[in-house]
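Here is a set of short exercises to work through with the model open beside you. Try each task yourself before you read its solution.

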Amino acid sequence: MANEDVISQYPLAMKTTLRKSHERGHADHGWLNSQHTFSFADYYDPAHMGFRSLRVINQDRVAPGGGFPTHPHRDMEIFSYVLEGTLAHKDSLGNGRELKPGQVQLMSAGKGVLHSEFNPSKSETAHFLQIWIQPEARALVPSYTEWHPDPAKEKEPKVLVISHDGREDSATIHQDADVYRLRLGASDSVAHEVKAGRGVWFQLIKGEATINGQALKPGDALSTEDAGTLTITSAGAETEALLFDLG
């Protein structure tokens, strides 16, 4: 049985599916080294086309001075979560920003927008997650927003980063989707309740963790569409992840 089909019955027969880091698609363009959780560009796997409205999770490393030239998007909610270095963004809406680690930029491409992303540093690699979520409707008015961490919440294990209604100072997305940033210290745990009819995708960025007894390493992901409680425990000194709760 393939690793991504491993089923956990812990607890209450809550089924989970593991997506191992090394089984992701991979592209190395010199200036860009990217790992694709779902089918993207030249990587195609019909078994991994997305999860609910979640369509793309690319772990991108852009070499100093490299970047994505201006290109179009439409009918997609696109956000980047910066992990290391600096990510510069420009778009046809007039936005020009540089994002630092821990910050998020969210663009609703709507009926059409042009944008570019590049690494302005001459020495540091830019490392970030590029994520696409399908919107709830087509031909929306394009928009751009950002989320910056609140220093007062830096020690909280689970912080809402993106939501449909913008609650808790989160960035607003045009989809029934809540995105949480998780940061756990050694042996810390946090629980997440999966409600009936919803699905959760957990993407581990840094450190090691266990979820309901299932061990994950950096780059691994775990998903479920069963109602119940996910208990996430850090298995190392420091763990960082994103958790997507999708309608």
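**Exercise 1. Classify Phe79 as buried or exposed, then describe its aromatic pair**.

Solution. Start with accessibility: Phe79 has a relative accessibility of 1%, so this residue counts as buried. The cut-off used here is under 20% for buried. Next, take Phe244, which is buried as well, with a relative accessible area of 0%.

Now turn to the rings. A pair of aromatic rings is described by the distance of the centres and the angle of the planes. The structure holds five aromatic pairs. For Phe79 and Phe244, the ring centres are 6.5 Å apart and the planes stand at 40 degrees, so the pair is tilted. Finally, place the partners in the chain: Phe79 belongs to strand 6 (residues 77–84) and Phe244 to strand 22 (residues 238–246), so that the pair links distant parts of the chain, 165 residues apart.

**Exercise 2. Check how confident the prediction is along the chain**.

Solution. Keep in mind that this is a predicted model. Begin with the overall picture: the chain has a mean pLDDT of 94, and 95% of its residues reach 70 or more. Then look for the weak spot, where residues 1–11 have a pLDDT below 50. Even so, this stretch has 29 contacts in the model beyond near neighbours in sequence.

**Exercise 3. Work out the strand order of the open sheet and find its edges**.

Solution. First trace the seven strands of the open sheet: their order is 2-3-4-11-6-9-12, and the pairing is antiparallel. Next, look for strands that pair on one side only; these edge strands are strand 2 (25–28) and strand 12 (143–147). From one strand to the next, the twist averages 15 degrees.

Now zoom in on strand 4. On one side, strand 3 and strand 4 run antiparallel and are joined by five bridges. Here Asn33 stands opposite Arg61 of strand 4. Strand 4 also pairs with strand 11 (residues 126–133), again in the antiparallel sense, over eight bridges. In this pairing, Asn58 stands opposite Gln130, and Val56 has Trp132 as its bridge partner. To finish, consider how covered strand 4 is: seven of its nine residues are buried.

**Exercise 4. Explain which parts of the chain the Phe40 and Trp132 pair ties together, and what its geometry is**.

Solution. Take the geometry to begin with. Among the five aromatic pairs, the rings of Phe40 and Trp132 have centres 5.4 Å apart and planes at 80 degrees, so this pair is edge-to-face. The cut-off for that label is an angle over 60 degrees.

Then locate the partners. Phe40 sits in the loop between strand 3 and strand 4 while Trp132 is in strand 11, so the pair ties together parts that are 92 residues apart in sequence. Last, compare their accessibility with the cut-offs: Phe40 is partly exposed at 21%, whereas Trp132 is buried at 15%.

**Exercise 5. Find the surroundings of Thr37**.

Solution. Place the residue before anything else: Thr37 lies in the loop between strand 3 (32–36) and strand 4 (54–62). Its relative accessibility is 1%, so Thr37 counts as buried. Then list the contacts, leaving aside neighbours within four places in sequence: Arg19, Arg24, His48, Ile57, Trp201 and Gln203. One of these, Trp201, also takes part in a cluster that ring pairs form with Phe38 and Phe51.

**Exercise 6. Contrast two residues that have a positive phi although they are not glycines, Asp75 and Ser187**.

Solution. Look at the angles: phi is about 50 degrees for Asp75 and about 65 degrees for Ser187. Next come the locations. Asp75 is found in the loop between strand 5 (67–73) and strand 6, and Ser187 in the loop between strand 15 (177–185) and strand 16 (189–194). Accessibility sets them apart: Asp75 is buried, with a relative accessible area of 11%, whereas Ser187 counts as exposed at 60%.

**Exercise 7. Which residue lies over the face of Tyr180**?

Solution. Select the ring of Tyr180 and look along its face: the residue there is Lys158, at 5.0 Å from the ring centre.

Conventions
Residues are numbered from 1 along each chain as its sequence is written. This is a predicted model: local features need pLDDT of at least 70, side-chain atom pairs count only at pLDDT 80 or more; totals for chains, interfaces and linings use all residues. Side-chain values use heavy atoms; hydrogens and water are left out. Helices (H or I, at least four residues) and strands (E, at least two) are DSSP runs, numbered from the N terminus. Buried means under 20% relative accessible area, exposed over 50%, partly exposed in between (1.4 Å probe, protein chains only). Contact means heavy atoms within 4.5 Å. Two strands pair if DSSP finds at least two bridges between them. Axes are lines fitted to C-alpha atoms, for helices over the stretch in contact, and angles run from 0 to 180 degrees between N-to-C directions. Rings of Phe, Tyr and Trp (its six-membered ring) pair if their centres lie within 6.5 Å; planes under 30 degrees apart count as stacked, over 60 as edge-to-face and the rest as tilted. A charge sits over a ring if NZ of Lys or CZ of Arg is within 6 Å of the ring centre and within 35 degrees of the ring normal. pLDDT is the predictor's confidence in each residue, from 0 to 100.
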